[in-house]
Amino acid sequence: MLHLPRWQTIAIIIFTALAGIFALPNILPDSVDDLLPKWYAQNRINLGLDLRGGAHFLLEADLRGVLNERMTNVADSLRGELRKKQVAFKEVAAEPNGHVTVELRDEAQRATAIEAIRAVDPSLVAAGTGPVIDISFSDQELTRKRKEVIDQSIEILRRRVDETGTLEPTIVREGSDRILLQVPGIKDTTELKSKINQTAKLTFHLVNENVAAASGGGLPAVLPPTTFLVPTREGMQALKATNIKAYDEIQSANPRLTPEQICRRYHPPCLPVFKRVVVGGEDLDDAKATFDQQQGGRPIISFTFNAAGGRSFCAATRQNIGKRLAIQLDNEIISAPVVQSAICGGSGIITGSFTPQQTQEQALLLRSGALPATLTIIEERTVGADLGADAIHAGTVAALVGTGLVMFFMFGTYGPLFGGFANLAMAVNLLLVLAGMSVLGASLTLPGIAGLVLTVGMSVDSNVLIYERVREERANGRSALGALTAGYERALTAVIDSNFTALIAGVLLFGFGSGPIRGFATSLSLGLLTHLFTATIFTRMLLATWMRWRRPTELTL
Amino acid sequence: MLWKPHHIVPAHTKFDFMGKRVWALGLSTLINVLSLVGVFVFGLNFGIDFEGGIAIQVRAKQGTIHLDELRATAAALGIGEVSLQEFGDKSSALIRVQRQEGNAECVAHADTVMKRRAGNGWSVKPGASGTGDVVFTGPSQLDSAGWRDAVSRVGLTVLERELPRNNTNTVKIDMTPEQRAEWCQQVAIKVVDDAISEKYDIRGTESVGPKIGAELMHSGIIAVLATLGAIAVYMWFRFEWQFGIGALISMLHDVISTIGIFVLFRLDFSLTALAAVLTIAGYSINDTVVVFDRVRENMRRYKKLGLIDLLNLSINETLSRTVMTSITVFVAVAALVIFGGPVLYSFSIAMLWGVIVGTYSSIWIACAGLVYLKLRPEQLRHEEEGAKAKT
């Protein structure tokens, strides 16, 4: 006889109830949701773009431009370095393929030249023979560079999309040099496309320490004409966390507010800075998070300017030691480090009590003004909201009718009791899939609904297998209880095998597919996984409980 | 009738399935050969996912759609092959435009669009031949942000940094021919938009560039092969190598004949269609597992029974199961075909066929495979010994 320990029965019931609780926010009205804790209420299935309407872009970053630019700078620095080391050269040329070639006058100076190359950038690789040296970045460095460019492009995209006031964009890396951008609810993509390649505005300004000291952290009533107020990034983040309404107002204001207006109206922490730009972000070559070798390896940010930027920066820092230099990005001050010493030679560091994560973030922000690659749209799909509504309607009707037909069929074939068991297991399976998708925050797409319908059709299959086996065992002369037990146990291997094979297809489809197809693979694979639970454990519980309760001698099957 | 159980398939059938295997194999071979011939002669009707191109869903602002009129309008646009079909209801249509080449015509289109959208003072000209460069000229001087905004009117996204910082009234955009081809997709959308927006609403647009189309095709083929291979290996581990090969043959049979359905009905072979093919491969094996499981069980029980009789017995014993499980999925998919709407139509039709052919192939093809692979009861022994050794 089928037996299930009591604790397992209880565990199954608790598990199912939990699934119900997690799936619940999907059907709760918004007014109720607002009363519930956020971590719970946000367990909702997102509708995919094909259902809610919106735009989907696949963007490809053109890395050649970035690389060539880097190489031009390498060539510039190398010329200086070679002169310093008194190496005579015919030419140092940046090639369009991302290489730099050096032709020496004297082959004997090759070793010194390579030393100079290392001094410029240790990640450079030197090849070639005789007086010619062929320089390129190591593969490792190229991979790092690629990742950096993509991360940075993602950061820039996020800012740009936020500016358009749309909510919840999805921006993720795809493969090595692509970005997937999904913006729900947007109809006209023209503005967005125009914004995609807009460069972030990064500028360095000196802080007006006199004004800052006079106002003592508060807002100065009067400002000299040379100075303006800019909110700090931290301040804006804090505003976003405490007063989201104000933040949204700022983001969606039309015409856009100036930094000073933001400071005056919403009072986030602001800094008075000189309007004059010390250096622009276009002169910043690179910024990366590293560790201070001298001071016990604490996290710092190192940055490099091109020649012009280096000169302006050198002059400004020499005259303003002890003062703060504000780094402004898109109307926010991302940091204002104190100038410790004159920074000449084009590169410097920012120190402070940073965590490695903070330095990563700061470096990324600094790079937002420099070095990005052109993003080309290689795939675009837009769905109007009304089209999405049509799809929701069609999907819902198909799902309801499909489920109804399957239930009707199971009742008709196996009677109210066993048909009911099968339909109950199927309903629980559906509940588990929905709960799973809610917890994972997965998107439900139109093909995803098709996956759910298939799940419904497939999840009663295990009951069919069990019942048909029971009928067979019964025909072979077993008792009612014996037939049920044997039928369940013998059908089990086939149930598990058939689920696994279908799961293989589902998982591979997930790995390969994109967008809506991934939605299909998600709901189908989840359905198969949860089906393993309902088919093996849940159905077992139903049958075992029923058998213990009724002790049947005859089966209406 | 709902309140008492029914036996849809009689409990004890004694049909000589394997006796008809030559007929079944003949029929299947014919269907598969015809499918393959169809693919090579008529070709699959690849959707834009694999071919690249543009698909635009439109709806008439008033009344029903006039396909002939719309077709004539679209054909005169000079953006290559355009095809139209009714989509969903009488007032909606799907316009498909072929993948765009980054040629001079495309730049001429961009010029027209630019003049229409930004004013007559604008012009767009191709740059030096051999490159994909494009030269924009405007009526007044613009800075980099202005240029960025201006070129985006024709769907071109250019990095602001790469545009001239000082005010100019002409700018050359450096592009490779490949990048220009991707951009021309955007231009073509705007050309269609301008031509039809007076009478039609655009409800949705899809544009797949040449590059991504080729990649999706490549990875799609890999996905199908990997799925078939992985399932066959799973069957081999769970059963015997003969079962693995039998399953593989029946899956190939289902996949190829499903593709045949796409050729026969000229269904759109898109990413969803590929999803259907993979799901069919995974699903058709379900019934095969049920039959194989019973074959294995019976081989142990009836050691003296000949293979043909053994297979017949196993198939008949499991017949109600294979048929019933297929019916449940069939009714669910039928609901998708009828109510699922135009987007899911090809997918659902393919799935419907897959359910039928999957059941058929599990019975005849997979089992007939076992006959020709000369499965012998004694080959199961090592597994039994293995099982004994474990306990």
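Two residues are in contact if their C-beta atoms, placed from the backbone, lie within 7 Å. The exercises below use this idea on a predicted model.

**Exercise 1. Describe how α7(B) and α8(B) pack, and find which residues of the two helices meet.**

Solution. Begin with the axes of α7(B) and α8(B), which come within 7 Å and cross at roughly 150°. Angles over 145 degrees count as roughly antiparallel, and α7(B) and α8(B) are therefore roughly antiparallel to each other. As for the sense of the crossing, α7(B) passes α8(B) in a right-handed way.

Now turn to the residues themselves. On the side of α7(B), the residues that take part are B:Val224, B:Leu228, B:Ile231, B:Ala232, B:Val233, B:Met235 and B:Trp236, and they meet B:Trp241, B:Phe243, B:Gly244, B:Ala247, B:Leu248, B:Met251, B:Leu252 and B:Val255 of α8(B). Sorted by character, the residues of this contact comprise 14 nonpolar, one polar and no charged.

**Exercise 2. Is B:Ile249 buried or exposed, and with which residues is B:Ile249 in contact beyond its neighbours within four places in sequence?**

Solution. First locate the residue: B:Ile249 belongs to helix α8 of chain B, which spans residues 241–264. Next apply the cut-off, by which a residue is buried if 20 or more other C-beta atoms lie within 10 Å of its own. B:Ile249 has 20 C-beta neighbours inside 10 Å, so B:Ile249 counts as buried.

For the second part, set aside the neighbours within four places in sequence; B:Ile249 is then in contact with B:Ile365, B:Ala366 and B:Gly369. Finally, compare sequence with space for one pair: B:Ile249 and B:Leu228 are 21 residues apart along the chain, while their C-alpha atoms are 9.6 Å apart.

**Exercise 3. Work out how α1(B) is placed against α11(B), and which kinds of residue make up their contact.**

Solution. Helix α1 of chain B covers residues 21–41 and helix α11 of chain B covers residues 345–372; the two pack at an angle of about 120°, and their axes are 10 Å apart. That angle makes α1(B) oblique to α11(B), and the crossing of α1(B) past α11(B) is left-handed. The contact brings B:Arg21, B:Ala24, B:Leu25 and B:Ser28 of α1(B) to B:Trp364, B:Ile365, B:Ala368 and B:Val371 of α11(B). Among the residues of this contact, six are nonpolar, one is polar and one is charged.

**Exercise 4. Trace the sheet of eight strands through chains A and B, and find which strands stand at its edges.**

Solution. Follow the order of the strands, which is β7(A)-β8(A)-β2(A)-β18(A)-β7(B)-β1(B)-β3(B)-β2(B), in an open sheet with antiparallel pairing. The edge strands are β7 (170–174) of chain A and β2 (82–87) of chain B, each of which pairs on one side only. From neighbour to neighbour the strands are turned by 25° on average, direction ignored.

Then examine the place where strand β18 of chain A, residues 374–383, is joined to β7(B): there are five bridges, and the two strands run antiparallel. In β7(B), B:Glu206 stands opposite A:Arg381, and B:Gly204 is the bridge partner of A:Val383. Helix α15 of chain A (residues 385–440) lies across β18 of chain A together with β1 (53–60) and β7 of chain B, at about 85° to β7(B). Helix α3 of chain B (residues 67–75) lies across β2 and β3 (89–97) of chain B, and runs at about 155° to β2(B).

**Exercise 5. How many residues of chain B are in contact with chain A, and which element of chain B gives the most?**

Solution. Counting gives 71 residues of chain B in contact with 76 residues of chain A. Elements that give two or more residues to this side of chain B include α5 (144–151), α6 (177–196) and α9 (271–301) of chain B. The most comes from α10(B), with 14 residues. By character, this side of chain B divides into 35 nonpolar, 22 polar and 14 charged residues.

Definitions and conventions. Residues are numbered from 1 along each chain as its sequence is written. Chains are lettered from A and ligands numbered from 1 in the order in which they are written. This is a predicted model: local features need pLDDT of at least 70, side-chain atom pairs count only at pLDDT 80 or more; totals for chains, interfaces and linings use all residues. Axes are lines fitted to C-alpha atoms, for helices over the stretch in contact, and angles run from 0 to 180 degrees between N-to-C directions. Helices (H or I, at least four residues) and strands (E, at least two) are DSSP runs, numbered from the N terminus. Angles under 35 degrees count as roughly parallel, over 145 as roughly antiparallel, 65 to 115 as roughly perpendicular and the rest as oblique. A crossing is left-handed if the near helix is turned anticlockwise from the far one by less than a right angle, and right-handed if clockwise. Ala, Val, Leu, Ile, Met, Phe, Trp, Tyr, Cys and Pro count as nonpolar, Asp, Glu, Lys and Arg as charged, and the others, Gly among them, as polar. Two strands pair if DSSP finds at least two bridges between them. A residue is buried if 20 or more other C-beta atoms lie within 10 Å of its own, exposed if 12 or fewer, and partly exposed in between; C-beta atoms are placed from the backbone.
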